[in-house]
There are 2 protein chains.
Amino acid sequence: MINVFPGTSTIKIPAKTPAEALAIIPNHTFPLFTVTLYYSGLVTSVKGWRFYYIHLVNRNILHLPAFSIQFIRKWFTKKKISLKDIALKAGVSAALVSYVLNGKGRKNRVRKEKAEEILKIAKDLNYQPNHLAKSLRSGKSFTIGLVIADISNPFFANIARIVENQARHYGYTVIYGSSDEDAVKSMDLINVLINRRVDGFIIVSTENSGEQVYHLMEQHILFVLLDRYFPEIKTDFVSTNNYKASFDAGAHLAERGYKNIGLIAYKSKMFHMRERIRGYRDALKKNKLAFKKTWLQEVQFNNAKTEVETAIDKMLLPGYTVDAIIFATYSLAVNGLKYINRLGIKVPADLAIVSFGQADVFDLYACPITYVMQDMENLGKAAVDILVKKMENPKEKIHEVLLDAKLIKRESSRIKK
Amino acid sequence: MINVFPGTSTIKIPAKTPAEALAIIPNHTFPLFTVTLYYSGLVTSVKGWRFYYIHLVNRNILHLPAFSIQFIRKWFTKKKISLKDIALKAGVSAALVSYVLNGKGRKNRVRKEKAEEILKIAKDLNYQPNHLAKSLRSGKSFTIGLVIADISNPFFANIARIVENQARHYGYTVIYGSSDEDAVKSMDLINVLINRRVDGFIIVSTENSGEQVYHLMEQHILFVLLDRYFPEIKTDFVSTNNYKASFDAGAHLAERGYKNIGLIAYKSKMFHMRERIRGYRDALKKNKLAFKKTWLQEVQFNNAKTEVETAIDKMLLPGYTVDAIIFATYSLAVNGLKYINRLGIKVPADLAIVSFGQADVFDLYACPITYVMQDMENLGKAAVDILVKKMENPKEKIHEVLLDAKLIKRESSRIKK
DNA sequence: GCCATTTGCTTAATCGTTAAACCATTTTGC
DNA sequence: GCAAAATGGTTTAACGATTAAGCAAATGGC
């Protein structure tokens with residue numbers, strides 16, 4: 001029982017005709033109200049909708065039965081329509097409505113006419129199920145947590161896009177967060193998302209986050225590692241074959257006649273970076289090329305801009321000058337190429353370039369850059385596919401997916417003259 | 001009452017010492033179990049945690065009281081610890097635990113020692129509150145829905161990043177989705193997020209999405225429009241002053257001595273695009289420069305690549321040849337510059353360039369590009385700030401924020417020789 | 001005509017958390 | 001010395017949906 005005090009209340013109702021506006025509040029549900037229709041004129045012409053004002057006038061304190069109360073409260077508190085409201089209007093129990101709306105009507109022996117009636121009411125009232133309640137009850141939120149290094153990095157933005165699409169395809173929603181390559185931030189983020197009861201994670205790991213992985217395993221939380229993984233931990237992962245990609249880049253430069261090949265990478269213990277370095281070293285070895293210590297430069301992530309510049313300086317010292325540079329990531333390449341521009345070095349006449357990273361931007365460079373194209377489409381898709389499989393079948397075996405990158409050969413690594 | 005059938009069960013427990021492992025399951029709660037500790041050896045060395053196996057042996061069908069059941073079920077079903085579990089262990093009611101953990105202990109007259117005890121237990125059991133239940137009960141999900149055109153576009157990726165940070169600062173989580181500039185997709189997305197009970201939206205509107213805005217208003221759903229808005233609809237929005245930005249770009253080229261200035265924009269009825277065109281036209285007028293129809297080219301979004309090329313071709317026709325081009329968006333610029341590269345046109349000797357868009361990439365171009373820098377930081381922050389204000393105070397007045405862009409003048413628009 | 005089955009629905013428990021209302025004690029004020 | 005207030009809790013209902021279990025009434029079989 002709720003008390004409705006004397007007075008006049010006005011409710012604004014969008015409808016197509018005055019009659020429709022009145023019909024929305026069934027008259028008989030307000031036995032003690034005087035309902036006055038009052039047309040307000042055209043407020044908006046969108047799709048032919050107009051607004052009408054309904055006056056509710058009552059003189060006494062009303063003690064209304066639950067049925068009326070529900071509807072009045074809905075209008076006044078702007079609450080959303082629930083299963084119960086539909087049930088009240090249809091004169092059935094909430095359970096029945098649930099059955100019908102979930103397509104379990106036949107299975108639970110609901111009369112066809114009743115089912116149709118319920119569906120119609122649900123549509124009229126524009127019922128939107130409360131996903132929170134659904135999730136709480138079922139223990140499944142149909143949400144995936146995506147933890148990436150930085151969404152403003154084009155590589156991850158693209159991955160995020162693909163993950164989002166693929167997830168929606170399975171009926172999942174994505175919550176993302178950026179870790180900034182920081183293990184602590186990453187863990188905080190994961191905890192927040194665990195509290196939101198995401199069903200599983202897709203994680204781009206950061207340096208020193210091995211224990212996070214153990215922690216998730218201990219708690220039986222489902223996840224798939226993306227782009228980076230830990231060879232010593234048995235987990236699901238989807239990654240590029242970085243060794244091969246890097247090897248191919250080196251071999252390509254060797255084949256094109258370059259002899260002094262340098263690599264600029266990040267200083268990191270992470271496997272994907274070590275693999276890129278290992279691939280480069282092996283490519284030189286296989287092709288019987290010399291290697292000088294100054295040709296392998298590892299720069300700090302936090303100070304990349306200046307360190308890349310000094311790295312390039314060192315590579316260009318007389319005596320051990322490189323004639324080709326491989327950049328191990330996109331951001332290194334952007335910083336490096338800017339500097340090379342400023343130095344007035346001609347690519348590829350003075351210096352050949354191969355870079356990891358993304359296509360789009362490298363087209364803007366005066367000389368189109370040869371780059372390692374990762375299969376982002378399949379990286380993202382595979383990660384979601386595996387995660388969904390694991391969520392649907394907890395006994396699913398471990399998937400370790402290594403995708404080959406493709407070397408896109410262009411002007412910046414043309415045959416050396 | 002739950003039946004536990006005869007047999008042996010093994011539970012894997014992470015702990016630091018065998019004693020600790022046993023302590024986790026309080027012995028006295030299993031009066032009919034034989035509990036055997038069995039050390040499994042080092043499984044992982046992470047932070048000194050080891051795994052221990054606990055054997056539960058029972059001979060009869062057990063009808064255990066609720067307290068034991070709780071714990072057994074937790075282990076077997078891998079369920080998370082809830083308020084109730086803490087309450088059981090502490091010997092108090094769930095409500096009390098809730099009060100304590102929400103810092104309302106003092107307000108609700110909970111003894112200090114009891115509060116500390118509860119906090120300790122919560123920590124020991126690694127209690128993580130269930131956000132779904134919280135939201136369901138409180139009606140607030142502390143989640144913001146971010147609807148953008150395409151997260152793989154660097155502008156929006158950056159915005160997403162800023163929105164995420166600012167939202168976390170207020171304790172909100174972000175769910176995002178890409179609309180692909182498609183009003184139908186955008187509406188679908190919004191509906192999905194409404195069902196997830198996001199507290200409010202930050203929306204980058206698409207063409208023809210005016211009615212969506214009305215729809216949200218009718219349903220009393222909170223939102224802030226970002227980057228694009230509808231001048232005829234009274235809503236909160238945060239946007240760049242596109243007219244001024246475009247005017248400044250045109251005026252700058254005029255000042256530098258260019259006389260035949262063209263603009264390549266998207267064919268769109270959206271206000272932000274119309275404003276960019278209007279700014280360009282007015283800049284020409286103010287500077288008493290000629291305008292030819294072929295100098296204003298509007299290309300289709302879905303076919304941008306080829307249409308940009310024909311647009312440039314038309315601008316370069318003999319007789320009405322432009323000496324400067326303004327690109328109205330980043331993606332138009334990328335496509336246009338690639339084509340200009342291919343044509344062998346020298347920037348700025350043959351053609352000056354000014355573009356809307358983002359800094360990073362334009363540095364790679366042989367000649368640094370003059371560009372309109374939008375204040376992304378404040379765009380994103382302001383959107384979140386306004387939304388949070390509205391969520392905390394529904395009577396908050398409408399905020400209409402127009403931020404000025406900054407023209408970064410570089411080599412591509414140097415003084416005409 | 002009578003029991004068994006089917007039909008068509010309702011009831012009640014549950015998920016985890018919150019918040020108002022309630023209830024004994026004990027302490028305080030004058 | 002006695003009412004009022006403070007203390008330290010508990011109980012209960014609610015949020016919105018799902019689902020097993022239960023229960024009348026109608027129908028079917030022989």
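**DNA-contacting surfaces, chain interface and helix packing**

The residues of the surface near DNA strand D divide into 12 nonpolar, seven polar and seven charged. Nonpolar here covers Ala, Val, Leu, Ile, Met, Phe, Trp, Tyr, Cys and Pro; charged covers Asp, Glu, Lys and Arg; the others, Gly among them, are polar. The model is predicted: local features need pLDDT of at least 70, side-chain atom pairs count only at pLDDT 80 or more, and totals for chains, interfaces and linings use all residues. Residues are numbered from 1 along each chain as its sequence is written, with chains lettered from A and ligands numbered from 1 in the order in which they are written.

DNA strand D is surrounded by 26 residues. A residue is near a strand or molecule if its C-beta atom, placed from the backbone, lies within 6 Å of it. The closest to strand D are Ser82(A), Ala95(A), Ala133(A), Ser93(B) and Arg111(B). In both chain A and chain B, α4 and α6 each supply at least two residues of this surface. Helices and strands are DSSP runs, numbered from the N terminus: H or I over at least four residues for a helix, E over at least two for a strand. α6(A) gives the most to the surface near strand D, with five residues.

DNA strand C also has 26 residues around it. Ser93(A), Ala95(A), Leu83(B), Asn130(B) and Ala133(B) come nearest. Chain A contributes two or more residues from each of α4 and α6, and chain B does so from α3 (83–90), α4 and α6. The largest share, five residues, comes from α6(B). By class, the surface near strand C has 11 nonpolar, seven polar and eight charged residues.

Chain A comprises 15 helices and 17 strands. Of its 417 residues, 41% are buried. Burial is scored by other C-beta atoms within 10 Å of a residue's own, all placed from the backbone: 20 or more is buried, 12 or fewer exposed, and in between partly exposed. Among contacts in chain A with a separation of 6 or more, 69% join residues 24 or more positions apart. Two residues are in contact if their C-beta atoms, placed from the backbone, lie within 7 Å.

The contact between the chains takes 46 residues from chain A and 47 residues from chain B. On the chain A side, the elements that supply at least two residues each are α6 (131–138), α7 (154–169), β7 (173–178), α8 (183–195), α9 (210–218), α13 (330–343) and α14 (359–362). α7(A) provides the largest share of that side, six residues. The side of chain A that touches chain B divides into 21 nonpolar, 13 polar and 12 charged residues.

Two helix pairs in chain B were examined. Helix α7 (residues 154–169) packs on helix α15 (residues 376–392) at an angle of about 45°, with axes 8 Å apart. Axes are lines fitted to C-alpha atoms, for helices over the stretch in contact, and angles run from 0 to 180 degrees between N-to-C directions. α7(B) is therefore oblique to α15(B). Angles under 35 degrees count as roughly parallel, over 145 as roughly antiparallel, 65 to 115 as roughly perpendicular and the rest as oblique. The crossing of α7(B) past α15(B) is right-handed; a crossing is right-handed if the near helix is turned clockwise from the far one by less than a right angle, and left-handed if anticlockwise. From α7(B), the contact includes Ile159(B), Ile162(B) and Val163(B); from α15(B), the contact includes Leu379(B), Ala383(B) and Val384(B). The residues of this contact divide into eight nonpolar, three polar and two charged.

In the second pair, the axes of α12 (residues 304–315) and α13 (residues 330–343) of chain B come within 9 Å and cross at roughly 60°. α12(B) is thus oblique to α13(B). α12(B) passes α13(B) in a right-handed crossing. Val308(B) and Ile312(B) are among the α12(B) residues in the contact, and Leu332(B), Tyr339(B) and Ile340(B) are among those of α13(B). By class, the contact has six nonpolar, three polar and two charged residues.

Arg414(A) lies in the segment after β17 (406–408) of chain A. It counts as partly exposed because it has 16 C-beta neighbours inside 10 Å. Arg414(A) touches Arg256(A) and Pro348(A), not counting residues up to four places away in sequence. Arg414(A) and Ala352(A) are 62 residues apart in sequence and 7.7 Å apart in space, C-alpha to C-alpha.

In chain B, Arg414(B) is found in the segment after β17 (406–408). With 16 C-beta neighbours inside 10 Å, Arg414(B) is partly exposed. Leaving aside residues up to four places away in sequence, Arg414(B) touches Arg256(B) and Pro348(B). From Arg414(B) to Ala349(B), the separation is 65 residues in sequence and 9.0 Å in space, C-alpha to C-alpha.
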